[in-house]
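Here are some short exercises to work through with the model open beside you. Try each task before reading its solution.

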Amino acid sequence: MSDILIVDDERDIRELVSDILEDEGYGTRRAANSDEAMAEVNANPPAMMILDIWLKDSKMDGIDILMTVKRSNPDIPIVIISGHGNVEIAVAAIKQGAYDFIEKPFNIDKLMVVISRAMEASRLRRENQALKRRDVTSAQMLGESHAFRAMCAQLEKVTQSNARIMFTGPAGCGKEAAARYVHENSERASGPFVCVSAAMIEPERMEEVLFGRESPERGIEQGLLEQAHGGVVYLDEVADMPLGTQSKILRVLVEQQFTRAGGTDKVRVDLRVMSATTQDLTERVREGLFRQELFDRLSVVPIAVPGLEERREDIPLLAEYFIDDLHRTQGLAKRSLTDAARAHLQTMPWPGNIRQLRNTIERAMILGEPGRAIDLRDLQVNFAPHEEAETSKVILSGMLTTLPLREARELFEREYLLSQIKRFGGNISRTATFVGMERSALHRKLKSLGVNTAKLSDMKV
């Protein structure tokens with residue numbers, strides 16, 4: 001949007017203003033009546049409009065055009081010009097959203113000053129809105145595991161397309177970070193990224209929040225879809241969206257337009273839609289809780305985001321990133337990780353995935369002693385009793401004290417080796433290196449302990 005639309009029924013005025021603006025480096029378009037003006041706006045909204053109030057042979061006058069354009073494109077600055085100006089008309093124009101009012105015959109220098117200020121104000125307003133929308137969620141993608149690399153390969157393929165993406169995976173695994181990564185590496189990177197949390201919005205307010213509303217008292221209030229124009233709207237936990245809203249979202253996907261609550265005019269938007277869910281949407285469709293057609297349109301490209309259970313190799317790398325990030329953003333004393341803490345983090349249960357890992361590291365940095373490396377003492381506080389028992393089943397359950405030495409040793413060896421294999425993502429070679437055994441010797445040991453090595457192959461990365 002770098003051009004200015006000039007609307008005036010006098011050809012000489014249109015050409016004069018157009019020539020002056022083009023000499024100043026602006027692009028221009030011209031319209032002689034309301035039909036031509038609205039056709040230009042609907043085809044491609046201009047960066048600005050210069051609009052005459054009195055238009056011969058037109059269905060609408062300048063004020064009507066002003067009101068119509070502002071309903072669908074409130075960010076377009078409009079300067080009103082008129083040869084029959086008076087205070088009442090000027091006040092009416094400003095009340096309806098005009099940037100300024102200039103009487104004919106106008107001074108060219110004054111017109112250029114008004115145009116320059118209007119364009120600058122519009123730019124600053126867009127930048128301010130972008131800053132308000134910007135989320136602190138990082139699009140940083142870190143990992144070396146096979147599961148992570150496979151996901152990144154899929155992300156790279158979709159960055160340059162406009163296809164709709166459905167991210168699936170457990171809570172806290174980084175679905176929004178993956179969506180932001182796609183956005184920031186796409187042609188829409190300069191546009192907004194607007195997150196819509198379907199689970200956090202009350203069902204009765206969903207449509208108002210998404211589509212916005214109009215009222216005589218408060219005028220136009222943009223919804224989240226309108227704020228995302230030119231960029232991405234990210235529908236988080238889309239499975240929680242009410243059925244009634246689902247049908248309207250479906251219509252937006254098809255038509256790229258909607259009507260605000262309380263309004264009558266169509267609002268056109270240019271959006272890329274990404275969505276995410278922790279639930280099985282195919283099951284929700286079978287239960288009649290999610291529309292099949294909406295599911296088909298949202299999941300053009302389905303991408304599964306792995307949880308930490310599938311990428312345990314990446315846990316130390318992520319933990320160190322969180323240590324650096326918390327030191328930089330919150331001023332927490334920077335601390336290293338002991339080898340024991342690294343190993344322990346890789347074997348801990350992570351039902352909350354990356355979000356839980358970050359919380360664990362933050363808690364350890366806050367409660368631990370500054371200057372001392374993070375060790376097992378700092379991590380134990382993060383376990384609920386049942387989680388601690390799950391993590392160290394044999395040692396903490398007291399079973400060893402009831403067994404003869406040979407059976408206790410075998411049970412310990414079995415649990416120890418399985419924990420190490422799990423830690424290294426099923427990679428037998430790396431497990432063997434760490435525990436100090438030859439690969440063939442490790443296979444024999446596992447077989448003697450009753451571990452099915454064929455099933456372990458499913459864990460390999």
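**Exercise 1. Find where Pro-105 sits and describe the peptide bond that leads into it.**

Start with the place: Pro-105 belongs to the loop between β5 (100-103) and α5 (108-133). Helices (H or I, at least four residues) and strands (E, at least two) are DSSP runs, numbered from the N terminus. Next, look at the bond from Lys-104 to Pro-105: this peptide bond is cis, with omega near -10°.

A word on the source: this is a predicted model, in which local features need pLDDT of at least 70, side-chain atom pairs count only at pLDDT 80 or more, and totals for chains, interfaces and linings use all residues. Residues are numbered from 1 along each chain as its sequence is written, and side-chain values use heavy atoms, with hydrogens and water left out.

**Exercise 2. Place Glu-237 and Gln-256 in the fold, and give the phi of each.**

Most residues other than glycine have a negative phi. Glu-237, in the loop between β10 and α10, has a positive phi of about 50°. Gln-256, in the loop between α10 and β11 (257-259), has a positive phi of about 55°. Now check exposure: Glu-237 counts as buried at 14% relative accessibility, whereas Gln-256 is partly exposed at 22%. The cut-offs are under 20% relative accessible area for buried, over 50% for exposed, and partly exposed in between (1.4 Å probe, protein chains only).

**Exercise 3. Describe the largest cavity: its volume, its lining and the elements that supply the lining.**

First, the rule: on a 1 Å grid over the protein atoms alone, a cavity is a set of points where a 1.4 Å probe fits but cannot get out, and lining residues have an atom within 4 Å of a point. Grid points are joined across faces, edges and corners, and a volume is the space filled by probe spheres set on the points.

Second, the count and volume: there is one cavity of 30 Å³ or more, and the largest holds about 40 Å³.

Third, the lining: Leu-225, Val-233, Leu-235, Ile-249, Val-252, Leu-253, Leu-271 and Val-273 surround this space. By class, that makes eight nonpolar, no polar and no charged residues. Here Ala, Val, Leu, Ile, Met, Phe, Trp, Tyr, Cys and Pro count as nonpolar, Asp, Glu, Lys and Arg as charged, and the others, Gly among them, as polar.

Last, the elements: β10 (232-236) and α10 (243-255) each supply at least two lining residues, and α10 gives the most, with three.

How values were computed: On a 1 Å grid over the protein atoms alone, a cavity is a set of points where a 1.4 Å probe fits but cannot get out, and a pocket is an open set with protein on both sides within 12 Å along at least five of seven lines; lining residues have an atom within 4 Å of a point.
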